[in-house]
Amino acid sequence: MSEYECFGGGRLKLKNDSGIKKKKKKNKNKEKAIEKVNKGLEQEKVSKEYHVPSTKAELAFMKQQEKLQKEKILKIASTTHKQRVEEFNRHLDNLTEHFDIPKVSWTK
């Protein structure tokens with residue numbers, strides 16, 4: 001007699017095959033969540049309405065930042081790609097050999 005003769009053939013029966021289904025839970029807090037979101041949006045609107053005036057130092061800083069940004073853009077726009085590559089290559093030529101990648105094998 002074989003070890004497997006006492007077991008019947010066919011597919012395995014799983015727990016889900018019994019037909020028992022879980023009930024879906026209803027979201028009771030859905031309305032509360034919507035209210036919280038609405039309150040958050042209202043608070044953002046209120047906080048945007050009250051604008052704190054900038055100080056003289058902040059205004060001067062913002063003007064200086066805009067000025068520097070415009071100068072940087074004009075500098076980049078005035079040179080062509082070829083000129084920028086040549087300038088970068090000149091910069092790399094001026095660097096010391098400290099930044100070069102050392103050889104791994106000295107025998108070859």
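Which residues make a nonpolar surface patch of about 310 Å²? The answer is Leu-59, Phe-61 and Met-62, where a patch joins nonpolar side chains (Val, Leu, Ile, Met, Phe, Trp, Tyr) within 5 Å, from residues with over 30% relative accessible area and no salt bridge, that is, no side-chain nitrogen of Lys or Arg within 4 Å of a carboxyl oxygen of Asp or Glu.

Before going on, I should say that this is a predicted model, in which local features need pLDDT of at least 70, side-chain atom pairs count only at pLDDT 80 or more, and totals for chains use all residues. Residues are numbered from 1 along each chain as its sequence is written, and side-chain values use heavy atoms, with hydrogens and water left out.

The protein chain has 3 helices and 0 strands, counted as DSSP runs (H or I, at least four residues, for helices; E, at least two, for strands). Leu-59 lies in helix α2, which covers residues 56-78 and reaches 33 Å from its first C-alpha to its last.

As for burial, Leu-59 is partly exposed, with a relative accessible area of 44%, since buried means under 20%, exposed over 50%, and partly exposed in between, using a 1.4 Å probe and protein chains only. Helix α2 has 0 buried residues among its 23, and buried residues make up 0% of the 108 residues in the protein chain.

Finally, confidence, given as pLDDT from 0 to 100, is highest in α2, at a mean of 92, and lowest in helix α1, at 73.

Note on methods:
The expected span of a helix is 1.5 Å times one less than its number of residues. Patches are made of residues with over 30% relative accessible area and no salt bridge: like charges are joined within 9 Å, nonpolar side chains (Val, Leu, Ile, Met, Phe, Trp, Tyr) within 5 Å. Accessible areas come from the Shrake-Rupley method with a 1.4 Å probe; for residues, only the protein chains shown count as cover. pLDDT is the predictor's confidence in each residue, from 0 to 100.
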